[in-house]
Structures are given as structure tokens and as C-alpha cells.
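Open the model in your viewer and keep the sequence panel in sight. The tour moves from stop to stop, with a selection at each.

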Amino acid sequence: MPIAPKILAFAGSTRTDSFNKKLVKIAAAGAKAAGAEVTYLDLRDLPMPLYDQDLEDQAGLPENVLKFKQLMKSHQGLLIACPEYNSSITPVLKNAIDWASRSEPGEPPPGLSCFRDKVAVIMSAAAGGFGGLRGLVHVRAILGNIGVLVLPDQRCIPQAYEAFDEQGNLKDAQQHASVAELGAKLTRVVGKLHS
């Protein structure tokens, strides 16, 4: 019997009512429905200080960074919803990526073991008319440069402040289905690569 693909789902936001947390949960539900074992992570639960090499040199990697790296290493796929800040990646997401790229004890530099051979799907919801598209360009470039295979499929939800209902679902059924399909597509690709 094939082993279920393991997928880690998170948003590059810590805001309680984040549109991107809602968005990635829809994709995660699509992955589960397609047979994946999905772990949802709220980055608010793993606060990390701003990356500072002096801090790293003095105290090593913070405990939450080690937890984040371990979570990433124990999953084959990543579902990441990426808010757009000033046409780019959010500080919380970039900071998490920067910390996770540092070598942990016994890991030779560069510390990219938690990114290598991972497959990711990215998505975004934003208030503007582009739906966060400009930020996804930067996220895709960063992840690709550190060894993540980022699938070409992505979704951007514009006018996010009016796109979701009170239960966190997308009001537009076609949009909702297309985001759920992102999770299903990632599940299928990861399953094929690890069969």
C-alpha cells in the first residue's frame, strides 16, 4: 500500500484573521481529500527573533527554528500562502526561511537540508487587484534558489477582504475548487516522486 504524502501547510502571516491562513487551509483540505497527511502550522506558534548572525554565533539556532526545520524535514511537500507586503515577501516568511537555511549542529553549511528535494505550491490572497501576484514572484525565486521545486500552478485571490465567507471558505465556488485543487495537485506530484 503506498504511503500517504506528508505535506506541511502554513501562511507567511501571523495575523489572527489572516486571509492567507484561510487560503492555505482550503488547499490543505484539498490535499487531505486527495490522500495526503497534512500538518497545518501557524507561524505565530513558533515565534522566531529577527535573524542576527551575532545571536546565532552566541547561542546557536533558537529552539523554534530547530522545531521549524524538523517539521520541514519530516514532510515532502509544502503548501505556502504568501501575503504581499509592498509588492514582495512578508518579513515573517522571509525571516523563517532565513533561519531555516542556517546549519544546525552536525549539518554542514549551507543548512539547506530542510529545503532540498521538497516540492511546493504557493498561493496568495491580498486586498489589491493582483491578489498578491507580485509577492509570489519573489517567493518563487527564493525557494527555487535554495533547492525547492515550486510547481507552476498557483492561485492569487484579489479583493480578499470580500472573497471569504464567515467560515473561511471562498464565496466563489470556482475559486474555492481551484485552490483545493492546488493541494490535490501537490499530493499527486509528491506521491509520484516518492512512489
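Which residues of α4 are buried? Select L93, N95, A96, I97, W99 and A100: these are the buried ones. Keep in mind throughout that this is a predicted model.

**Around α4**

Leave those residues displayed and add their surroundings. The buried residues of α4 pack against β1, α2 (53-59), α3, β3 and α5.

Now show α3 and α4 alone. Their axes come within 9 Å and cross at roughly 85°. An angle from 65 to 115 degrees counts as roughly perpendicular, and α3 and α4 are therefore roughly perpendicular to each other. On the α3 side, pick V65, F68, K69 and M72; on the α4 side, pick A96, W99 and A100. These residues make the contact.

**The largest nonpolar core**

Next, select F68, F115 and L143. Among the 30 residues of the largest nonpolar core, these three touch the most other members. Colour by element of secondary structure: β1 (6-11), α3 (63-73), β3 (77-81), α4, β4 and α5 (133-145) each supply at least two residues of this core. The largest share, five residues, comes from α4.

Centre on F68. What does F68 touch beyond four places in sequence? Its partners there are F10, L41, L43, L46, M48, A96 and A100. Another core, of 29 residues, lies apart from the largest one. To find this other core, select A36, A163, A180 and L182, which are among its members.

**T187 in α6**

A36 also leads to the next stop, since T187 touches A36. T187 lies in helix α6 (residues 173-193). Is T187 buried or exposed? T187 counts as buried, at 5% relative accessibility. Trace its side chain: it reaches the backbone oxygen of G183 at 2.8 Å. Then display P5, I7, A31, A34 and G35, which are also among the residues T187 touches when those up to four places away in sequence are not counted.

**Q76 in its loop**

P5 is a contact of Q76 too. Go to Q76, in the loop between α3 and β3. Q76 counts as partly exposed, at 23% relative accessibility. Leaving aside neighbours within four places in sequence, the other contacts to select are K6, D117, K118, V119, V190 and H194. For scale, draw a C-alpha to C-alpha line from Q76 to D17: they are 28 Å apart in space and 59 residues apart in sequence.

**E107 in its loop**

Jump to the loop between α4 (91-100) and β4 (119-125), where E107 has its place. E107 is buried, with a relative accessible area of 13%. Select K69, R102, L112 and S113 as well. E107 is in contact with these four, leaving aside its neighbours within four places in sequence. K69 was part of the α3 side at the crossing with α4.

**The cysteines**

How many disulfides are there? The count comes to zero. Select C114, then C82. C82 holds the cysteine sulfur nearest to that of C114, 16 Å away. A disulfide needs the sulfur atoms within 2.5 Å. C114 is buried, with a relative accessible area of 0%.

Finish at C156. C156 is in no disulfide either, with the nearest cysteine sulfur, that of C82, 9.3 Å away. C156 is partly exposed, with a relative accessible area of 23%.

Notes. Residues numbered from 1 in each chain as written. Predicted model: local features only at pLDDT ≥ 70, side-chain atom pairs only at ≥ 80, totals over all residues. Heavy atoms only, no water. Helix = DSSP H or I, 4+ residues; strand = E, 2+ residues; numbered from the N terminus. Buried < 20%, exposed > 50% of the residue type's maximum accessible area, 1.4 Å probe, protein only. Contact = heavy atoms within 4.5 Å. Polar contact = N/O pair within 3.5 Å; in protein donor to acceptor, adjacent residues only side chain to side chain. Core = buried A, V, L, I, M, F, W, Y, C linked by side-chain atoms within 4.5 Å. Axes fitted to C-alpha atoms, helices over the stretch in contact; angles between N-to-C directions. Parallel < 35°, antiparallel > 145°, perpendicular 65-115°, else oblique.
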